[in-house]
Amino acid sequence: MSVLVVGISHNSAPVSVLERVALDTDGVHKLVTDVASCAHVTEATVVSTCNRVEIYADVDRFHGSVESLSRLLVERAGETAEAMLQHLYVHYDDGAVAHLFQVAAGLDSMAVGEGQILGQTRAALRLGQEVGTVGPALNSLFQQALRVGKRTRAETGIDRVAPSLVSAALDRAELAVGPVAGRTVVVVGAGAMAGLATATVTRLGATRVSVVNRSADRASRLALEYAAVPVALADLPAALAGADVVITCTGATGILVTRDMVDRVRDADSAPVAVIDLALPHDVEPSVADLPGVTLIGLAELAETLADTDAGREVVEVRRVVGEEVDAFLTARRQSSVTPTVVALRSMATAVVDAEMTRLEARLPRLDDASRAEIRHTVRRVADKLLHEPTVRVRELANEQGAVSYERALAELFALDPEAVDAVTRPDVNATPRPSSSTSSRSADEQRRGDSDAEGGTP
């Protein structure tokens with residue numbers, strides 16, 4: 001089985017498209033059950049936020065699955081496949097692991113490092129558990145993603161990156177138009193970064209703050225929180241007319257602030273204006289910078305400014321931690337993939353020893369108990385020694401990238417029964433429970449309690 005992600009987010013689609021695929025609680029439940037009912041899907045859940053909808057599924061086939069999951073998102077948007085597919089992205093297997101870890105760490109958020117995504121990731125796991133669509137594969141993946149997100153926030157200052165970005169941008173703007181205090185500011189967007197920008201300029205003493213957004217409800221909610229003025233997107237040109245500072249952070253894929261729009265609302269007597277574009281891709285047409293009295297501040301120059309600051313170093317450190325965690329998770333997963341084959345091989349060896357001992361005892365009925373026990377012990381030691389090196393090496397080789405399936409090769413070389421290998425991973429509902437002989441064979445309840453403790457409670 002392999003994990004497949006099919007999603008759409010602020011990085012791939014304009015706000016207008018994201019709004020059409022946005023899901024309420026009932027919508028998320030329905031999407032999860034629809035995904036789980038698709039052919040080739042064994043486990044499923046959905047991460048749904050105001051800026052992303054991502055389907056996570058454990059699948060046994062890539063092509064049929066990616067088509068089915070993409071179709072579900074296309075249908076919810078009410079668009080043609082041709083119009084929607086350009087906005088969807090796909091991550092598979094190792095790439096899916098890396099993507100989820102980056103999301104949980106806040107690296108893929110509009111406001112880098114924002115903490116809400118960790119709770120939203122936990123909610124996706126909890127939903128899948130409640131409806132029964134999350135099994136061992138996704139449970140393990142999401143539990144580890146939550147640990148990665150918590151680790152990055154505990155060991156780094158990633159949560160300070162977005163505030164540092166806004167502050168650096170406003171410092172640049174001050175060189176062009178003076179302090180924010182007493183100025184008119186227009187914020188375009190209503191997401192996490194827009195909220196941060198609105199809070200910052202309000203704290204710095206801006207006289208008038210307008211929040212412009214395609215969704216009137218979201219603009220009103222953000223504006224109300226900071227005593228700002230909500231403005232419809234259609235009225236953006238009028239709002240720009242009196243602005244000293246404009247901050248855009250919608251994450252739309254199209255240009256919202258054009259050169260012509262700004263040029264029409266300015267004349268020779270207009271005061272200088274600083275336009276800060278914090279969106280990726282850009283909200284502002286780059287040629288706006290060529291207009292008299294207009295200073296355009298973009299992410300590229302801010303990134304250079306922050307590269308040698310604490311904020312920039314925190315992002316680098318988070319990327320290092322995420323990379324380390326991805327490698328560790330994939331290594332553990334590859335090693336566990338050979339375990340059923342190794343167990344089946346050792347079971348076969350035990351069966352061969354038992355059969356030969358039965359044959360020997362039949363041929364030597366006068367063999368005393370002590371001799372019989374010594375012979376059995378010796379034969380078992382020979383079998384164990386012969387199998388030790390191959391089983392150790394197959395675990396080591398499983399960590400190496402490549403087209404060779406070493407567990408499959410081992411099964412072929414020793415002619416292992418496929419059913420015997422599969423049986424290792426299937427619970428035996430008729431088996432009599434046995435006490436655990438080591439910490440590596442904890443009961444399922446103990447493992448769940450351990451996972452919950454690691455997360456500070458059941459996700």
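This text describes a four-stranded sheet with two of the helices that pack against it, and then helix H10 with its surroundings, in a predicted model.

The sheet is open, and its four strands follow the order E2-E3-E1-E4 with antiparallel pairing. Strands E2 (41-49) and E4 (89-92) form the edges, each pairing on one side only. Between neighbouring strands the average turn is 15°, direction ignored. Within the sheet, eight bridges join strand E1 (residues 2-9) to strand E3 (residues 52-59) in the antiparallel sense. One of the residues involved is valine 3, whose bridge partner in E3 is aspartate 58.

Helix H6 (residues 116-131) lies across E2 and E3 and runs at about 145° to E2. Helix H7 (residues 136-155) also packs on the sheet, where E1, E2 and E3 are touched by this helix. The direction of H7 makes about 35° with that of E2.

Helix H10 (residues 216-225) has a buried set made up of Arg218, Ala219, Leu222 and Ala223. Viewed down the axis of H10, these buried residues fall within an arc of 125°, so they line one face of the helix. An α-helix has 3.6 residues a turn, so residues three or four places apart point the same way. On the other side of H10, the exposed residues are Ala216, Asp217, Arg221, Leu224 and Glu225. The cover over the buried residues of H10 includes helix H9 (192-203), strand E6 (208-213) and strand E7 (229-232). Just after H10 comes alanine 227, which takes a positive phi of about 55°.

Key: Residues numbered from 1 in each chain as written. Predicted model: local features only at pLDDT ≥ 70, side-chain atom pairs only at ≥ 80, totals over all residues. Heavy atoms only, no water. Pairing = 2+ DSSP bridges. Axes fitted to C-alpha atoms, helices over the stretch in contact; angles between N-to-C directions. Contact = heavy atoms within 4.5 Å. Buried < 20%, exposed > 50% of the residue type's maximum accessible area, 1.4 Å probe, protein only. Arc of directions from axis to C-beta.
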